[in-house]
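Q: Please take a close look at one part of this protein: its interior. What is buried there, and what does it touch? Keep the sentences short, and start with the term I need most.

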Amino acid sequence: MSVIAIIALMVIVMLAGGFYVGRSRAIGAVAGNTVRLHSLPNYHGYYVAIWTGLPAFVLLAVFGLFGSELVERLTFAELQRGATAINERLDERLLEDAEYQEFRGAAIQLRERVGAIGEDMQRLRSASGDDRQPARLEALRQDQLEALNSATAAEEAAIARRAALVDAVGEAAEESGASMRALAGFELVQAPREQRQLFLSDAMQIARGELSSRESAELHAAARIVSRYQDRIRYLVSAAALLLAGAGLVFTRQQVTPDFRARNNVERLITGLLLLSSVLAILTTVGIVFSLLFESIRFFSSVPVFEFLFGLQWSPQIALRADQVGQSGAFGAVPLFAGTALITLIAMAVAVPIGLLSAIYLSEYAGPRFRATAKPVLEILAGIPTVVYGFFALLTVGPAIRGLFTWLGFDDVVTQSALSAGLVMGVMIIPFISSLSDDVINSVPQGLRDGSYAMGATRSETITRVVMPAALPGIVGAILLAVSRAVGETMIVVMAAGQGANLTANPLESVTTITVQIVMLLTGDQEFDSPKTLSAFALGLVLFVITLIMNVIALRVVQRYREKYD
């Protein structure tokens with residue numbers, strides 16, 4: 001068991017002891033006559049226990065969140081200091097090496113030329129009439145491509161030459177008897193950014209006694225530094241946690257008197273914790289919105305908003321390197337919006353009638369025995385993994401739909417279609433509507449039903465004219481939840497509807513949705529400065545706005561009918 005776990009157990013024991021100490025001291029202060037206490041004895045125990053354990057656990061939580069990062073930073077700083085002399089020798093070699101300076105200077109000049117050509121192209125694009133000069137624009141585009149290829153080649157040559165100089169300086173330092181810590185620091189500082197993190201991660205794993213991605217003397221030297229800092233910080237945090245727990249116990253024990261308002265303090269603390277939770281939830285939402293907004297602004301700086309919202313072609317494949325041509329990208333999201341709407345409409349056309357009628361039958365017509373059996377069975381549908389629904393749609397529903405329509409004379413029906421995905425998704429979200437609607441209908445006061453029966457209405461008339469209107473706000477909420485679930489579904493669409501961004505209203509064709517494209521755009525190694533990857537954030541922002549609009553509409557409906565039936 002780790003030291004931190006032992007300290008956590010000790011703090012828990014002190015917390016329990018604090019409750020006993022606070023309660024006992026409160027009872028002893030009034031000689032057992034608890035009526036003289038302002039607050040019940042248990043509140044005094046809660047107060048002492050909270051301030052005994054809360055500061056210590058906050059410190060341990062902060063260590064758990066940021067302890068590894070602190071160790072990495074300290075290790076990196078020490079290794080960097082140890083390799084100062086070798087890094088200075090490398091800087092001297094780089095300045096003296098004519099070949100490296102030539103490649104580096106050529107790359108800088110070519111990059112400046114690429115930027116100048118880009119400015120000229122932008123001016124031509126913004127010109128109107130005869131000033132546009134398409135032939136000149138095409139010539140500039142070719143010049144920019146050639147300059148970009150040359151700049152890339154010069155940069156790669158400079159990187160290769162620098163790597164050769166790094167190896168030479170490292171070998172010379174090793175031959176001259178440099179310490180292993182200095183060599184480890186030199187390797188870490190001169191490594192690319194992603195390899196630095198891998199180096200530190202391997203050192204952390206070796207320090208913990210785990211397997212690393214590779215083995216080297218430099219890594220073991222770094223691991224020894226990691227172990228030293230881990231031990232120091234761990235024991236420092238452990239001592240500080242015990243000190244905080246003990247100080248909290250002693251201080252709060254002295255506050256326990258007959259007139260001490262323990263209940264007020266405990267309730268104030270609980271209120272503060274609830275407020276903090278609410279603020280964290282709000283800040284999380286705000287953070288999500290701003291992260292989507294900022295990245296979307298970067299995307300819209302490259303792709304016009306009008307083209308994104310109203311473009312009819314979606315093909316986000318673009319050239320990621322200078323030697324790739326012919327892929328400029330098309331970011332018209334209308335096919336994604338249409339595919340999402342089509343599959344959602346099909347799913348809701350299946351789920352809403354079946355789910356709502358099931359809820360009415362179970363709540364108003366079914367007997368207790370049938371209801372006790374049918375409702376759990378129906379809710380099992382919500383527990384089936386979506387990948388199972390996807391397999392079912394791909395291997396059973398899709399071929400069945402294709403066979404049926406082929407038999408009817410349609411020759412171009414495909415297995416992966418919007419109809420297949422919508423039908424299976426509708427079955428999946430039936431429990432969301434049936435279960436919630438059933439609970440809402442059952443919550444309608446029985447007095448409304450009895451009044452309707454007293455006026456001579458039948459059961460069906462009571463359901464349609466009294467119960468359903470009274471339960472409408474809750475039913476709207478259930479339907480909204482089902483729509484949100486359908487809009488956000490990904491696995492079923494990938495397996496049953498395909499990934500082709502087709503703009504069509506034919507449910508027998510393959511389509512895709514917003515969420516599927518977001519997953520595809522953010523899967524694998526991506527560059528977060530290209531329009532292709534940034535378009536995922538723009539799609540997420542649109543999806544967020546659509547969900548917000550649906551929520552506002554649902555709230556308006558709920559408010560209107562709630563005023564009428566409350």
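A: A residue counts as buried when its relative accessible area is under 20%, as exposed when it is over 50%, and as partly exposed in between. Keep that cut-off in mind. The model is predicted.

Start with S452. S452 sits in helix α16, which covers residues 446-454. Its relative accessibility is 9%, and the limit for buried is 20%, so S452 counts as buried. What does S452 touch, beyond residues up to four places away in sequence? Its contacts are A457, T462 and V466.

Now set that against two residues outside the buried class. R136 belongs to helix α5, residues 134-175. R136 has 43% relative accessibility, so it is partly exposed. From R136 to I159 is 23 residues along the chain, and their C-alpha atoms lie 34 Å apart. A31 is found in the loop that links α1 (3-29) and α2 (41-82). With a relative accessible area of 73%, A31 is exposed. The phi angle of A31 is also worth a look: it is near 55°, a positive value, and A31 is not a glycine. Most residues other than glycine have a negative phi.

Back to the interior, and to helix α14. This helix runs from 418 to 428 and has 11 residues. Nine of them are buried, so the rest of the structure largely encloses α14. Those buried residues are A418, L419, S420, A421, G422, V424, M425, G426 and M428. Which helices do they pack against? The partners are α11 (334-365), α13 (386-407), α15 (430-442), α17 (459-487) and α18 (491-496).

One of those partners, α15, holds I433. I433 has a relative accessible area of 0%, so it is buried. Leave aside its neighbours within four places in sequence, and I433 contacts M348, A351, V352, G355, L356, A478 and A482. Look at A478 in that list. I433 and A478 are 45 residues apart along the chain, yet their C-alpha atoms are separated by 5.3 Å.

Next come the nonpolar cores. In soluble globular proteins, nonpolar side chains tend to be buried together. Here the largest nonpolar core has 55 residues. Inside it, F308, W314, I343, I429 and L539 have the most contacts. Helix α20, residues 531-565, gives this core its largest share, 10 residues. A second core is separate and has 25 residues, including L79, I206, I233 and V237.

Zoom in on F308. Beyond its neighbours within four places in sequence, F308 is in contact with F299, F300, W314, F331, G332, A333, V334, A538, L539 and V542.

Finally, step back to the whole chain. It has 20 helices and two strands. Of its 566 residues, 37% count as buried. Among contacts with a separation of 6 or more, 72% join residues 24 or more positions apart. The radius of gyration is 34 Å, whereas a compact globule of 566 residues would be near 24 Å. The C-alpha trace spans about 100 × 90 × 45 Å along its principal axes. On the outside, the chain exposes about 31,300 Å², with carbon and sulfur atoms supplying 62% of that area.

Definitions and conventions: Residues are numbered from 1 along each chain as its sequence is written. This is a predicted model: local features need pLDDT of at least 70, side-chain atom pairs count only at pLDDT 80 or more; totals for chains, interfaces and linings use all residues. Side-chain values use heavy atoms; hydrogens and water are left out. Helices (H or I, at least four residues) and strands (E, at least two) are DSSP runs, numbered from the N terminus. The radius of gyration is taken over C-alpha atoms; the globule rule is 2.2 Å times the number of residues to the power 0.38. Buried means under 20% relative accessible area, exposed over 50%, partly exposed in between (1.4 Å probe, protein chains only). Contact means heavy atoms within 4.5 Å. Accessible areas come from the Shrake-Rupley method with a 1.4 Å probe; for residues, only the protein chains shown count as cover. A nonpolar core is a set of buried Ala, Val, Leu, Ile, Met, Phe, Trp, Tyr and Cys residues joined through side-chain atoms within 4.5 Å.
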